[in-house]
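Trainee: I am new to this structure and would be grateful for a close look at a single part of it. Please take the strands first and then the ligand site.

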Amino acid sequence: MQFGTRNPFTPTFGFAPHVLIGRDGLLSASGLALEEGPGSSGFSALYMGPRGSGKTVLLNEIEDHAARRGWTVISVDAASTGVGERISEMIEWAASGDDRSSDGSEQITTVKGVRIGPFHARRESLRRVQPRWSLRRQLTELASAAADSGAGVLLSIDEMHRCESDALLRLANDIQHVAKRGQMPLAFAGASLPEIKHTYLADDRFSFFRRCECVDLPLIDAADAFRFVTESVTAGAGECTLEAARLLADACDGLPYQMQLLGDHAWRIAGAPDSGIDSDAALESIRVTASVMQDRVYRPTFDSLTPIERRYLAALAEHGGTATRRDLGTGSRLSAAQMATAEQWLMDNACIEVVNAHEHPAGPEAEIGFGCALAASTVAERIEIESGYGRTEATVTHESARALSPRCNHPMPRARARCILRLGHRGGHRSR
Ligand SMILES: Nc1ncnc2c1ncn2[C@@H]1O[C@H](COP(=O)(O)OP(=O)(O)OP(=O)(O)O)[C@@H](O)[C@H]1O
Ligand SMILES: [Mg+2]
């Protein structure tokens, strides 16, 4: 693809990249699952990854692939209220509308702020759905109509971690009923931040999602990132030295969003496509990108953590950014159980990682370092600010044991927050 003098990078969220990298395996697995039908393990899949790891982009690709196979695609963002009602509304709207979106085109339409994937089902199939039917009945009829024409229905839900629990529970029951009990071709693809592992996936009532194929989005490796930089620059009719491409690829930390930021800044700093991207432009881009990541990813991630998780990270930062479990535990005033709980959460959310995992270290020898969702500098910055207010380690240590016990963290999507009370608290949840 040629973009003339257009910048080929897309450092934003949910925007289809001009060069899609590192997702071939997941896309072919999803395509195979749709082909195999309801018995296939990947027929219901949940993709998890930190901010900017490419969840929305992957869902969109899966939807497009399904639509091109003639499947009916219903795509919804669970962040705002009434997800079930909105799906019903979309189905009714599609059934009653004109035939523009059933002409086989890739047209994507938005109704009331909800993105609707291309409806490729024949209009007559949609018209079998009657208004005021329950969502379960609507989905059953849609899936049965799609099955009659040798296809199926794909229900795709983004931002699942922000969905209200009652709405998500109803939806899970409906999908399960239609897809599993009725053996209907109703496939499911969801996307969420990994924190869902500690909320809905840890809750037995949501066992449907636990039984989905749960996939942690793989990080982009340096070879793919290198290919991404060179192919994108070429697509934009620009030029880049090998050294500059290597520098940019090595700096992306496996995160697609960061990869896009690096390319975008290098492109602008160099004045591409009129001038080529060289090492100087790449190094400057790496510096600017680090500061943008600080504002848009690292600080918001750090702010969402509990005091215990922050103290775990403070200990890691004080060890210079990497330390074995043994060393972290030795200097810490947290209990072993608190350290282990914090580690699990931070690991799941890509704030930390085991840097010597390839050596298969035994428990205490595992070496922990910062992950792609957080930087040591963010933690150091916060420690410095807090110490300016006299909140030293000693002060924090004297806080009551209750204040240090794990947070409830129950999602409160309407407040765009999680419950700040301690685990096992009485009464309703509270966001502040
Ligand atoms: N596989 C990929 N190859 C190249 N670029 C990608 C890829 N995946 C995502 N991107 C780019 O990274 C940006 C962020 O991707 P996306 O919005 O899908 O992340 P996300 O995980 O959904 O983030 P959030 O958790 O904030 O919703 C996109 O705008 C897109 O341009
Ligand atoms: Mg997203």
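Mentor: The model is a predicted one. In it, valine 354 has isoleucine 368 of strand S10 as its bridge partner. That pair belongs to a wider arrangement, since strand S9 (residues 352–354) and S10 are antiparallel and share three bridges. S10 also pairs with another strand: S8 (residues 322–324) runs antiparallel to S10 (residues 367–370), and three bridges join them. Within this second pairing, threonine 324 is matched with glutamate 367 of S10.

The ligand site may now be considered. The shell around ligand 1 comprises 25 residues, and Thr10, Thr12, Gly14, Ile21 and Lys55 are the closest. By class, 13 residues of this shell are nonpolar, eight are polar and four are charged.

Several contacts involve oxygen atoms of the ligand. A polar side-chain atom of threonine 56 is 2.9 Å from an oxygen atom of ligand 1. For valine 57, a polar backbone atom lies 2.9 Å from a ligand oxygen atom, while for serine 53 the corresponding distance from a polar backbone atom is 3.2 Å. Ligand 1 taken alone exposes 630 Å², of which the protein buries 96%.

Two helices, H2 (55–68) and H10 (256–270), are the elements that each supply two or more residues to the shell. H10 gives the most, with four residues. At the level of domains, ligand 1 lies between domain 1 (24–216) and domain 2 (222–301), because both give residues to its shell.

Notes: Residues numbered from 1 in each chain as written. Chains lettered and ligands numbered in written order. Predicted model: local features only at pLDDT ≥ 70, side-chain atom pairs only at ≥ 80, totals over all residues. Heavy atoms only, no water. Pairing = 2+ DSSP bridges. Near = heavy atom within 4 Å. Polar contact = N/O pair within 3.5 Å; in protein donor to acceptor, adjacent residues only side chain to side chain. Areas by Shrake-Rupley, 256 points an atom, 1.4 Å probe, with all protein chains shown as cover. Nonpolar A, V, L, I, M, F, W, Y, C, P; charged D, E, K, R; others polar. Domains from an automatic or database assignment.
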